[in-house]
Amino acid sequence: YRVVVEDDMGFIAEVYGNFMTEALPKLAINELMPNPSSSSEPTGEYIEVYNYGVEAIDVAGFELRLDGGADEGGKTCELAAAQGEWLIQPGDLGILTSSSFDPLNYPGIDETKVKAVDGAWCTLVNSRSQPIALYDERGRKLSSFGGWFVVGSSDEGRSIERLSAEGADLEENLITIKTCLF
């Protein structure tokens, strides 16, 4: 960049520089199961995160924040505490569940992609349409989901999925409701 400033007396100051920013990890909240039909809430709800980038992402220190996170009266859930605990490969997904999640509710699920976290609230999230946001280990917001949909009884057993992991959190063009995933 170049900034040139001239004052009323004709003095000129000129500054040059550049901005170098680090790219954000390409990880998005891609799908939710807010109201499963085949099981109780804790054993069937999940949040899917998808790596739409070209590099593996270690999610140590990454957080999900519900209703703004703990600092704003909501809740915060750490995805993984230790380096190497949960690595999501490019073009792959991770399924965040409560510790009581039962993979038998979803035949064909790849259990190696399932990560149980402490605290059931981490997945008991959107029957009431609370917004969820995903943050990296440096506190930078990577993705958000929800806050605009309400799950009704007719939606029981249906997941809510983005049409494009790279797209914004907009109801009219980037998500769809479908029956089960994986």
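Colleague: How many salt bridges does the count come to?

Modeller: The count comes to seven salt bridges. Keep in mind that this is a predicted model.

Colleague: Can you walk me through one? Which residue does Arg 2 meet in a salt bridge?

Modeller: The side chain of Arg 2 meets that of Glu 14, at 2.6 Å from N to O. Arg 2 sits in strand E1 and Glu 14 in strand E2, so this pair ties together parts that lie twelve residues apart in sequence.

Colleague: And is Arg 2 buried or exposed?

Modeller: Arg 2 is exposed, since its relative accessible area is 54%. Glu 14 has 36%, so that partner is partly exposed.

Colleague: Which residues are linked in a network of salt bridges?

Modeller: That would be Asp 92, Asp 110 and Lys 113. Within that group, the side chains of Asp 92 and Lys 113 come to 2.8 Å, N to O. Asp 92 is in the loop between E8 and E9, while Lys 113 is in the loop between E9 and E10, so the pair ties together parts 21 residues apart in sequence.

Colleague: Nice. Where do I find Asp 136, and what does its side chain meet?

Modeller: Its side chain forms a salt bridge with Arg 140, at 2.7 Å from N to O. Here both Asp 136 and Arg 140 are buried. For the location, look at the hairpin made by E11 and E12, which has five residues between the strands. Strand E11 covers residues 132-135 and strand E12 residues 141-145.

Colleague: How do E11 and E12 pair?

Modeller: They pair in the antiparallel sense, over four bridges. One of the bridge partnerships joins Tyr 135 to Lys 141 in E12. In the turn, Gly 139 has a positive phi of about 80°.

Colleague: New topic: what does Ala 60 touch?

Modeller: Leaving out residues up to four places away in sequence, Ala 60 touches Ala 80, Ala 81, Ala 82, Gln 83 and Glu 137. Ala 60 belongs to the loop between strands E5 and E6, and at 6% relative accessible area Ala 60 is buried. Gln 83 is 23 residues away in sequence, yet the C-alpha atoms of the two are 5.2 Å apart.

Colleague: Which residues form a nonpolar patch on the surface?

Modeller: Tyr 1, Val 3, Val 5, Val 15 and Phe 19, with about 520 Å² of accessible area together. Tyr 1 comes in the segment before strand E1.

Colleague: Last one: where is confidence lowest, and where is it highest?

Modeller: Helix H2, residues 171-174, is lowest with a mean of 53, and E5 is highest at 94. The chain averages a pLDDT of 77, and 73% of the residues score at least 70.

Note on methods:
Residues numbered from 1 in each chain as written. Heavy atoms only, no water. Helix = DSSP H or I, 4+ residues; strand = E, 2+ residues; numbered from the N terminus. Buried < 20%, exposed > 50% of the residue type's maximum accessible area, 1.4 Å probe, protein only. Contact = heavy atoms within 4.5 Å. pLDDT = per-residue confidence, 0-100. Patch = residues over 30% accessible without salt bridge, like charges linked within 9 Å, V, L, I, M, F, W, Y side chains within 5 Å. Areas by Shrake-Rupley, 256 points an atom, 1.4 Å probe, with all protein chains shown as cover. Salt bridge = Lys/Arg side-chain N within 4 Å of Asp/Glu carboxyl O. Pairing = 2+ DSSP bridges.
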